[in-house]
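The following paragraphs lead the reader through one protein structure, from a single residue to the sheet and the helices around it. Please keep the sequence and the model in view while reading.

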Amino acid sequence: SMSHERRTPLNSIIGFTGILLQGLAGPLNDEQRKQLGMVRRSSEHLLALITEIIDLSKIEAGKVNLAAEEVDLVALARDVAASLEPAAAAAGLALAVEAPESLRVVSDRSRVRQVLVNLVGNAVKFTEKGGVTILVEATGGSARVAVRDTGPGIRPEDMGRLFQFFSRVTSPDRPVREGTGLGLYLSRRLVGLLGGEIGARSEPGRGSEFAFTLPAPKEETA
């Protein structure tokens with residue numbers, strides 16, 4: 001009920017703002033277009049925050065129902081890459097997938113996709129030049145999905161703050177990026193529910209890699 005009451009008006013704001021920006025209700029001047037763009041971005045940001053809080057509430061209450069379906073992680077990775085390619089291109093970044101032909105597991109497709117979108121979205125957001133690569137592989141009886149970037153990296157003293165509730169890693173010499181501070185925490189909880197593990201490694205000035213594992217690939221095809 002709360003999800004519906006909060007999301008419905010925001011979706012209306014986003015939808016009608018889009019109609020105005022397309023000029024379907026009449027021409028706009030540059031200032032009007034700028035202001036409406038700010039309205040839409042702020043609304044999308046608030047909608048993402050509400051969605052994440054509701055997801056976390058469900059997890060904390062033990063109300064998350066997970067599907068058990070066959071998921072091709074390679075096809076999923078390519079789908080996520082295609083959906084985020086416009087954002088990467090707008091930032092001047094290359095977005096690639098390195099994977100075998102197929103790697104299948106039994107998991108919840110929508111939740112795995114949610115985690116991967118979060119990791120790739122973060123990598124695109126914080127990388128200023130170079131690129132982002134999604135890697136999919138079978139390792140040690142598990143399926144491993146990693147997102148590697150050529151961003152600024154994370155200081156060793158900040159690594160422990162990753163995946164924490166409402167925690168954001170910032171630096172005084174870098175621009176502040178929009179974010180809720182919930183994405184990585186939510187990803188950690190979801191991966192745990194899926195029976196896997198998530199972690200990160202980074203070196204300042206040389207990029208970062210965020211990766212998660214899922215249990216026992218059903219089959220491997222080289």
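**A guided reading of the fold**

R104 is partly exposed, because its relative accessible area is 24%, and values under 20% would count as buried. The model is a predicted one. R104 is found in strand β3, which covers residues 102-107. In sequence, R104 and V71 are 33 residues apart, yet their C-alpha atoms are 5.4 Å apart in space.

That pair introduces the overall plan of the chain. The secondary structure of the protein comes to five helices and eight strands, and along the sequence these elements follow the pattern α-α-β-α-β-β-α-β-β-α-β-β-β. Of the 222 residues in the protein, 38% are buried. Among contacts with a separation of 6 or more, 71% are between residues 24 or more positions apart.

The sheet is considered next. Five strands form an open sheet in the order β2-β4-β5-β7-β6, and the pairing is mixed. At the edges are β2 (94-98) and β6 (197-202), each of which pairs on one side only. From one strand to the next, the twist averages 15°. Strands of a sheet pair through backbone hydrogen bonds, and they do so in either a parallel or an antiparallel manner.

Both senses can be followed from strand to strand. Five bridges join β2 to β4 (residues 131-139) in the parallel sense; within this pairing, L95 has V132 of β4 as its bridge partner. Strands β4 and β5 run antiparallel and are joined by eight bridges. Here V132 appears again, with D149 of β5 as its bridge partner. The hairpin of β4 and β5 has two residues between the strands, and G140 in this hairpin takes a positive phi near 55°. Strand β5 also pairs with β7, in the antiparallel sense and over seven bridges, and in β7 the bridge partner of V147 is F210. How enclosed is β5 by the rest of the structure? Six of its eight residues are buried, so β5 is largely enclosed.

Helix α3 (residues 73-90) connects this description of the sheet with that of the helices. This helix packs on the sheet and touches β2, β4, β5 (142-149) and β7 (208-215), while its direction makes about 175° with that of β2. Helix α3 also meets α4: their axes come within 10 Å and cross at roughly 40°. That angle makes α3 oblique to α4. The crossing of α3 past α4 is right-handed. On the α3 side, the residues in contact include L73, L76, V80, L84 and A88, and on the α4 side they include V112, L116, V117, V120 and V124. By class, the residues of this contact divide into 12 nonpolar, two polar and three charged.

Helix α4 (residues 109-126) in turn packs with helix α5 (residues 183-193), at an angle of about 150° and with the axes 10 Å apart. The two helices are therefore roughly antiparallel to each other, as angles over 145 degrees are counted in that class. Their crossing is left-handed. In α4, R111, Q114, V115, N118, L119 and N122 take part, and they meet G183, L184, L186, S187, L190 and V191 in α5. The contact of α4 with α5 has six nonpolar, five polar and one charged residues.

Helix α5 has a further helical neighbour in α2. The axes of α2 and α5 come within 11 Å and cross at roughly 35°, and this crossing is left-handed. From α2, E52, D55, L56, I59 and E60 meet G183, Y185, L186, R189, L190 and L193 of α5. The residues of the contact of α2 with α5 divide into six nonpolar, one polar and four charged.

Which residues of α5 are buried? They are G183, L184, Y185, L186, S187, L190 and V191. These buried residues pack against α2 (30-60), α4, β6 and β7, and α5 thereby returns the reader to strands of the sheet. After α5 comes G195, whose phi is positive, near 85°.

Key. Residues are numbered from 1 along each chain as its sequence is written. This is a predicted model: local features need pLDDT of at least 70, side-chain atom pairs count only at pLDDT 80 or more; totals for chains, interfaces and linings use all residues. Side-chain values use heavy atoms; hydrogens and water are left out. Two strands pair if DSSP finds at least two bridges between them. Helices (H or I, at least four residues) and strands (E, at least two) are DSSP runs, numbered from the N terminus. Axes are lines fitted to C-alpha atoms, for helices over the stretch in contact, and angles run from 0 to 180 degrees between N-to-C directions. Contact means heavy atoms within 4.5 Å. Angles under 35 degrees count as roughly parallel, over 145 as roughly antiparallel, 65 to 115 as roughly perpendicular and the rest as oblique. A crossing is left-handed if the near helix is turned anticlockwise from the far one by less than a right angle, and right-handed if clockwise. Ala, Val, Leu, Ile, Met, Phe, Trp, Tyr, Cys and Pro count as nonpolar, Asp, Glu, Lys and Arg as charged, and the others, Gly among them, as polar. Buried means under 20% relative accessible area, exposed over 50%, partly exposed in between (1.4 Å probe, protein chains only).
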